[in-house]
Amino acid sequence: MRSLIEWKGDEVGERMFPKLEKLTIRNCPLLKSTPNQFEILRELVIVRVDSEMPLLNLCSNLTSLIGLEVYDMKELTCLPDEMLRNNISLQNLMVSGCGEFRELPQSVYNLHSLKHLTIGNCTNFSSFPVPSEENYLTSLQDLRLLDCDGLSSLPSGMLEHCRSLETLSVSCCDNLVSFPLHVGEMPSLSYLYISQCPKLISLPSGGIHHLTELSELEIGPFSEMVDFEAFQLIFNGIQQLLSLRTLWVYGHGHWDSLPYQFMQLSDLTKIQIYGFGIEALPHRFCNLTSLGTLRLVRCKRLQNLDFSYVMPKLQYLCVEECPLLEALSDGLGNLVFLEQLHLVNCEKLEHLPSRDAMQRLTKLWNLGIKGCPKLEESCTNRSGPNSQWSNISHIQKIKVGGSTIQDLRY
């Protein structure tokens, strides 16, 4: 219904769809007007409607909304203050892909039942209101601010009394400088993502180690003004978090080491190390005895990857965009539980471990190589002096350069 301009209501005095509780309007970019007779509507979703008038019409008489989602509404600049005041039972609020959306009204703090709030891919969103002395988002469980390049600061106290908050994600906000965050006041937090905000200079305070329910942490990189020592301090006491299972950490290319606290995370099962200037993994990395997934991405000084120690649970290893890495040592053969190995965009990578070392990887069933031209050539050439085919021919699935060259699973 891309050409629909006007959706007419019923005659005066008659209610349209008197029992309707859920309404979705999708792909009606020209729509300008709608009825306002949906008095018990509880969930409203509007997708790819350019004008904000349908939203205003629909909500003018509503007091029953518990869910509102707005996607790709070109003309939306702000949610009407009155609409939020009239729908105090709202539990889910999402605004995404609305390029002109700039701010939330002060009345957002009146939504004491609000559990989920997401502002995503709204490039001009620049203002989150300062909480009043009495009103806070006390029921909030999930807050996500994603790809909001107009956002430069978030107000102090916006998350005060959010003791039910379980997920906090502030990511890819290119101009965010200030976000005063005292994590010690968030005892329910399980998922914390403060990442890819390259101008952010205010770091989480209050001690991450107080987040006793934390299971996933994604953090960094921050402004170049934040030095490695200050970044490392964030992780003091992190070994006390027995629930932490997943860590994605972003650094800077001139940081030649990892925070030492990581070597104490014996219960960690997944880690991604992104953008650090390390030349090799530290020897104490073997302390991560529960690690099942390891991703090394854009570590552009990485030259040596030697697993001379046993990592008894490592099943998945990915090395991506490490341009100085030339060879994988025979120590890889110690990863006897490794099931999947992916090597991506490592231009100088030329040598796999020896045939004997690769044969020790009896559980390895999936090998992927892409963007490694020298290695791709030697692995697809099944004969000749430089061929490494015999090193990998026992692996069930082999994908090189985007093409599957062997699949023995069927």
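What follows is a chat about a predicted model of one protein chain.

Reader: Let's get our bearings. How many helices and strands does the chain have?
Author: This is a predicted model, so keep that in mind throughout. Its C-alpha trace spans about 85 × 50 × 30 Å along the principal axes. Within that, the chain has six helices and 17 strands.

Reader: What percentage of the residues in the chain is buried?
Author: The accessible surface of the chain comes to about 18,300 Å², with 47% of it belonging to carbon and sulfur atoms. Buried here is a matter of being under 20% relative accessible area. Of the 410 residues in the chain, the buried ones make up 49%.

Reader: Which helix gives the largest share of the largest nonpolar core?
Author: That core has 127 residues, and among those with the most contacts inside it are Leu55, Phe179 and Leu294. The largest share is three residues, and they come from helix H1, residues 53-59.

Reader: Pick one of those well-connected residues for me. Which residues does leucine 294 touch?
Author: Leucine 294 is on the list of residues with the most contacts inside the largest nonpolar core. In general, nonpolar side chains in soluble globular proteins tend to be buried together. Not counting residues up to four places away in sequence, leucine 294 touches Ile271, Ile273, Leu281, Phe285, Phe307, Leu314, Tyr316, Leu317 and Cys318.

Reader: Now valine 170. Is it buried or exposed?
Author: Valine 170 lies in strand E7, residues 167-171. Leaving out residues up to four places away in sequence, it touches Leu145, Leu176, Phe179, Tyr193, Ile194, Ser195 and Cys197. Its relative accessible area is 1%, and the cut-off is 20%, so valine 170 is buried.

Reader: And on the outside, which residues make the nonpolar surface patch of about 290 Å²?
Author: Start with valine 177, which is found in the loop between E7 and strand E8. At 31% relative accessibility, valine 177 counts as partly exposed. The patch is made by Val177, Ile201 and Met225.

Reader: Which peptide bond is cis, with omega near -15 degrees?
Author: Most peptide bonds are trans. For this one, look at the loop between strand E9 and helix H3, where proline 221 is found. The cis bond runs from glycine 220 to proline 221.

Reader: What is the phi of asparagine 27?
Author: Most residues other than glycine have a negative phi. Asparagine 27 is found in the loop between strand E1 and strand E2, and it is partly exposed, with a relative accessible area of 24%. Although it is not a glycine, its phi is positive, at about 60 degrees.

Reader: Where is aspartate 72?
Author: Aspartate 72 is a residue other than glycine with a positive phi, near 55 degrees. It is partly exposed, with a relative accessible area of 32%, and serine 96 is in contact with it. Its place is in the loop between strand E3 and helix H2.

Reader: How far is the backbone oxygen of glycine 120 from a polar atom of the side chain of serine 96?
Author: Serine 96 lies in strand E4, residues 92-96. Gly120 is one of its contacts, along with Val70, Tyr71, Asp72 and Cys122, leaving aside neighbours within four places in sequence. The distance from the glycine 120 oxygen to that side-chain atom is 3.4 Å.

Reader: On to charges. About how many helical turns separate arginine 85 and aspartate 81?
Author: Their side chains meet in a salt bridge, 2.5 Å from N to O. Arginine 85 is partly exposed at 43% relative accessible area, and aspartate 81 is partly exposed at 29%. The two are four residues apart in helix H2, so the separation is about one helical turn.

Reader: Which strands hold glutamate 320 and arginine 295?
Author: These two form a salt bridge, with the closest N and O atoms 3.5 Å apart. Because the partners are 25 residues apart in sequence, the pair ties together separate parts of the chain. Glutamate 320 lies in strand E13 and arginine 295 in strand E12.

Reader: Is glutamate 320 buried or exposed?
Author: Take its partner for reference: arginine 295, at 21% relative accessibility, counts as partly exposed. Glutamate 320 has a relative accessible area of 19%, and the cut-off is under 20%. So glutamate 320 is buried.

Conventions:
Residues are numbered from 1 along each chain as its sequence is written. This is a predicted model: local features need pLDDT of at least 70, side-chain atom pairs count only at pLDDT 80 or more; totals for chains, interfaces and linings use all residues. Side-chain values use heavy atoms; hydrogens and water are left out. Buried means under 20% relative accessible area, exposed over 50%, partly exposed in between (1.4 Å probe, protein chains only). Contact means heavy atoms within 4.5 Å. Patches are made of residues with over 30% relative accessible area and no salt bridge: like charges are joined within 9 Å, nonpolar side chains (Val, Leu, Ile, Met, Phe, Trp, Tyr) within 5 Å. Accessible areas come from the Shrake-Rupley method with a 1.4 Å probe; for residues, only the protein chains shown count as cover. A salt bridge is a side-chain nitrogen of Lys or Arg within 4 Å of a carboxyl oxygen of Asp or Glu. A polar contact is a pair of N or O atoms within 3.5 Å; within protein, one must be able to donate a hydrogen and the other to accept it, and residues adjacent in sequence count only if both atoms are side-chain atoms. A nonpolar core is a set of buried Ala, Val, Leu, Ile, Met, Phe, Trp, Tyr and Cys residues joined through side-chain atoms within 4.5 Å.
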